[in-house]
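Biologist: I would like a close look at a single part of this model, the surroundings of the ligand, and after that a careful walk through the rest of the protein.

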Amino acid sequence: MPNTILMGAQWGDEGKGKVIDVLTSQADVIVRYQGGSNAGHTVIAEGKKYVLHLIPSGILHPGKQCVIGNGVVMDPFDLLKEIDMLRGYGIEPDGRLFISDRTHMVMQWHRALDKADEAHRSHDKKIGTTGRGIGPAYSAKMGRSGFRVGDLLRPDFLDRVSEMCVSTNLRLSKWGAELLDIDTLLKDYAKLADILKPYITDTVVFINAADRAGKSILLEGAQGTMLDIDFGTYPFVTSSNPTAGGACTGSGLSPRRIDRVVGVIKCYTTRVGSGPFPTELADATGEHLRQKGGEFGATTGRPRRCGWYDAVVARYSAMVNGVDFWAMTKLDVLDEQPTLKICVAYRRDDGHIYETFPADLSALERCTPVYEEMPGWMTDTSKTTRYEELPLKARAYVERLVALSGAARLGILSVGPARETTLRLGI
Ligand code: GDP
């Protein structure tokens, strides 16, 4: 398989886990390139459901090598839980899991600051963070006060931890928030180096050596384009770059070594947390999509906001990421809709038309979606095994989405949660 970037084209939760799982069968090395344990991929394989937050789902495939790239922020304690969970299922990560020595760690003070900070934001300013310390860990990385996985092996590691705990407690006490228990933290961190040492690797060298040896590399993103710190609905975004560019900076594989980009996109739209969502449905149709699509967060269980397919978002995503192939998911969720709406543009109150996503959220507030309507197919598509078997109206809908969503071709269409319900169309 060519070296592939796989990213989410909307606000995350597009069903990337399943598409990654399907493409993994052709890859040798699978690299997670950004985000932290605030993201969750759900994979259903041989009737079992696995929820992975940090380790690439490639680990479920025997013999595949999995990398946690330098662009990720990793909570080492969450990682240990995930390793234990895998072992509980009889899956051994040792020898197949490699963690970049440049990966920043989410430290316990990052979690404490994340929660205290969100609690202090007024209601309309809340970002909807998962409180897992991801934002503060990325802030520390950019502010050059972060702790990298390689630091675990340095003799001054615990001294630095102790210093940071003391200064964080000063900040937390000003907010009246619960303080860090420094002795317990030091004991917990002291154990980590030995446990994680076997996984710590110069993964830049590892990935590039694999590439030179002709192995095929799958770079997997978490979250989605509209949550990108640069290209998303700032400030209602995550603190990293889920977009294709982030795959290179988050792994150390050069853009010149990437052969193709696969964008995962749902046949409707969802978003979790606060922030703009032009095609949101706050009605019974939205509720139907939520229930039928199981639109509740894999990490937090939070209900996701649901709405119609937004071709403005798709077009913008195709452009920012250079999407070559769409992997469209969850067509089956629309099986009972008599009529489907597709947002083709946004119209501002003064008549201005947006065909791609604007940066200015105040302008967006003045916009309403311009919809096209198509008839639904009112047929169960979840048993379909070939694209040609789909009802003609379902094919017309999918083909219209593709036509409206930039130059990308349809590479995969998914009609159910299981591996077998993935229709492959030339990739
Ligand atoms: P990710 O973060 O992009 O990997 O998305 P999640 O794993 O959080 O959410 C995807 C959810 O949708 C999971 O529960 C999948 O099993 C499920 N899913 C994926 N593709 C399909 C599909 O085509 N149809 C249905 N009904 N469910 C799907």
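Biologist: Which atom of the ligand does a polar side-chain atom of Asp332 lie by, and at what distance?

Modeller: This is a predicted model, and in it a polar side-chain atom of Asp332 lies 2.7 Å from a nitrogen atom of the ligand. The backbone takes part as well: a backbone N or O atom of Gly17 is placed 2.8 Å from an oxygen atom of the ligand, and for Gly15 a backbone N or O atom is found 2.9 Å from an oxygen atom of the ligand. When the ligand is taken alone it exposes 580 Å², and the protein buries 92% of that area. Two elements give two or more residues each to the shell around the ligand, namely α1, which covers residues 16-24, and β3, which covers residues 41-45. The largest share, three residues, comes from α1.

Looking at the shell as a whole, there are 18 residues around the ligand, and those that come nearest are Lys16, Gly17, Lys330, Asp332 and Ser414. Sorted by class, the shell has eight polar, seven charged and three nonpolar residues.

From the ligand we can turn to helix α10, which runs over residues 311-321. Nine of its eleven residues are buried, so this helix is largely enclosed by the rest of the structure; buried here means under 20% relative accessible area. The buried residues of α10 include Ala311, Val312 and Val313 at its start, along with Arg315, Tyr316 and Asn321. At the N-terminal end, α10 is capped by Asp310, with a side-chain oxygen that lies 2.9 Å from the backbone nitrogen of Val312. Just after the helix comes Gly322, which takes a positive phi of about 65°.

A second aspartate worth following is Asp78, which has its place in helix α2, residues 76-88. Asp78 counts as buried because its relative accessibility is 10%, a value that falls under the 20% cut-off. Its side chain is joined to that of Ser37 by a polar contact of 2.7 Å. If we leave aside the neighbours within four places in sequence, Asp78 is in contact with Ser37, Leu54, Arg111 and Arg132.

Ala209, in helix α7 (residues 203-212), offers a contrast to this buried aspartate, because at 33% relative accessibility Ala209 counts as partly exposed. Its C-alpha atom is separated by 33 Å from that of Leu158, and these two residues are 51 residues apart along the chain.

These parts can now be set within the whole protein, which has twelve helices and 20 strands. A compact globule of 427 residues would have a radius of gyration near 22 Å, and because the protein has 22 Å, it agrees with that expectation. Taken along the principal axes, the C-alpha atoms fill a box of roughly 65 × 50 × 40 Å. Of the 427 residues, 57% are buried, while the protein exposes about 17300 Å², with carbon and sulfur atoms supplying 53% of that area. Finally, if we consider contacts between residues at least 6 apart in sequence, 76% of them join residues at least 24 apart.

Technical notes. Residues are numbered from 1 along each chain as its sequence is written. This is a predicted model: local features need pLDDT of at least 70, side-chain atom pairs count only at pLDDT 80 or more; totals for chains, interfaces and linings use all residues. Side-chain values use heavy atoms; hydrogens and water are left out. A residue is near a molecule or strand if one of its heavy atoms lies within 4 Å of it. A polar contact is a pair of N or O atoms within 3.5 Å; within protein, one must be able to donate a hydrogen and the other to accept it, and residues adjacent in sequence count only if both atoms are side-chain atoms. Accessible areas come from the Shrake-Rupley method with a 1.4 Å probe; for residues, only the protein chains shown count as cover. Helices (H or I, at least four residues) and strands (E, at least two) are DSSP runs, numbered from the N terminus. Ala, Val, Leu, Ile, Met, Phe, Trp, Tyr, Cys and Pro count as nonpolar, Asp, Glu, Lys and Arg as charged, and the others, Gly among them, as polar. Buried means under 20% relative accessible area, exposed over 50%, partly exposed in between (1.4 Å probe, protein chains only). The radius of gyration is taken over C-alpha atoms; the globule rule is 2.2 Å times the number of residues to the power 0.38. Contact means heavy atoms within 4.5 Å.
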